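Take a look at the fold below. The text after it walks through a few of its parts.

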Amino acid sequence: RSPGSGLYSNLAQYNIPYPEAIFELNYFFLNPKPFFTLAKELYPGNYKPNYAHYFLRLLHDKGLLLRLYTQNIDGLERVAGTPPDRLVEAHGTFATATCTVCRRTFPGEDLRGDVMADKVPRCPVCTGVVKPDIVFFGEELPRRFFLHVADFPLAELLFVIGTSLEVEPFASLAGAVRSSVPRVLINRDLVGPFAWQHRHNDVAQLGDVVSGVKKLVELLGWTQEMQTLIQEEKEKV
């Protein structure tokens with residue numbers, strides 16, 4: 001991630017008492033407006049996948065992707081075409097939403113009109129606030145997160161791409177594969193166990209993430225396939 005590009009680095013504009021408040025349930029119930037102002041910016045459709053997202057999609061197309069674990073809440077992995085059954089969106093998703101009062105569930109698209117109109121979405125049945133299924137502080141992670149118990153012992157290669165590896169329990173996943181499994185870090189900096197518990201078979205490509213992924217794709221001889229995939233996906237939009 002680029003310096004200053006993280007969510008917390010850009011939250012001053014939302015007039016909240018401290019950065020973490022925008023993802024705290026107590027503050028959300030008191031004043032949901034700042035979260036939905038941020039949600040308007042992050043809502044699926046506002047951003048496009050980059051080369052790294054499509055690389056992960058290509059791994060799936062080749063039958064090489066066991067699972068994609070992501071901390072991102074922008075849904076770009078879905079937009080790039082990675083099927084939901086291959087995704088673990090550990091910090092939640094805008095793809096679904098839940099009423100905070102009656103717990104009815106809704107497709108995330110049902111909220112789009114209100115969010116884009118700067119309105120707080122309300123349940124049509126009980127008028128409670130409808131919250132996208134983004135994980136706030138104090139909430140449990142999605143049940144799918146615990147697929148890692150079965151997935152990581154099966155892994156033959158682990159990619160760690162574009163992350164600070166600072167937020168637990170997600171950060172610990174980098175150490176969950178068997179010691180014989182190569183781990184490839186494509187990132188701006190050395191992070192997590194790549195910095196303090198280096199394994200003999202770790203590989204790190206440091207610098208710009210997209211440039212690092214492009215180098216890997218070239219080494220694999222997949223450049224033309226990537227170009228074709230990206231072009232096909234852009235034509236669908």
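What follows covers a sheet, the helices beside it and an annotated residue.

This is a predicted model. Start with the sheet. It is open and has 3 strands, in the order 6-7-8, with parallel pairing. Strand 6 (158–161) and strand 8 (202–206) stand at the edges. Each has a single partner strand, so one side of each is left without a neighbour in the sheet. From one strand to the next, the twist averages 15 degrees. Strands of a sheet pair through backbone hydrogen bonds, either parallel or antiparallel. Here, strand 6 and strand 7 (residues 183–187) run parallel and are joined by 4 bridges. Phe159 has Val184 in strand 7 as its bridge partner.

Now turn to helix 8. It lies across strand 6, strand 7 and strand 8. Its direction is about 135 degrees to that of strand 7. Helix 8 (residues 209–220) also meets helix 3 (residues 51–61): the two axes come within 9 Å and cross at roughly 35 degrees. Helix 3 contributes Tyr51, Ala52 and Phe55 to this contact. Among their partners in helix 8 are Val209, Val213, Lys214 and Leu220. By class, the contact of helix 3 with helix 8 has 9 nonpolar residues, no polar ones and 1 charged.

Finally, find His91. An unreviewed UniProt entry places the feature "active site" there. His91 is in the loop between strand 2 (87–89) and strand 3 (92–99). Is His91 buried or exposed? His91 counts as buried because its relative accessibility is 18%, and the cut-off for buried is under 20%. Beyond its neighbours within four places in sequence, His91 is in contact with Thr70, Gln71, Ile73, Ile134, Val135, Leu141 and Val167.

Conventions. Residues are numbered from 1 along each chain as its sequence is written. This is a predicted model: local features need pLDDT of at least 70, side-chain atom pairs count only at pLDDT 80 or more; totals for chains, interfaces and linings use all residues. Side-chain values use heavy atoms; hydrogens and water are left out. Axes are lines fitted to C-alpha atoms, for helices over the stretch in contact, and angles run from 0 to 180 degrees between N-to-C directions. Helices (H or I, at least four residues) and strands (E, at least two) are DSSP runs, numbered from the N terminus. Contact means heavy atoms within 4.5 Å. Ala, Val, Leu, Ile, Met, Phe, Trp, Tyr, Cys and Pro count as nonpolar, Asp, Glu, Lys and Arg as charged, and the others, Gly among them, as polar. UniProt positions are given in the numbering used here, feature names are shortened, and annotations may be inferred rather than shown by experiment. Buried means under 20% relative accessible area, exposed over 50%, partly exposed in between (1.4 Å probe, protein chains only). Two strands pair if DSSP finds at least two bridges between them.
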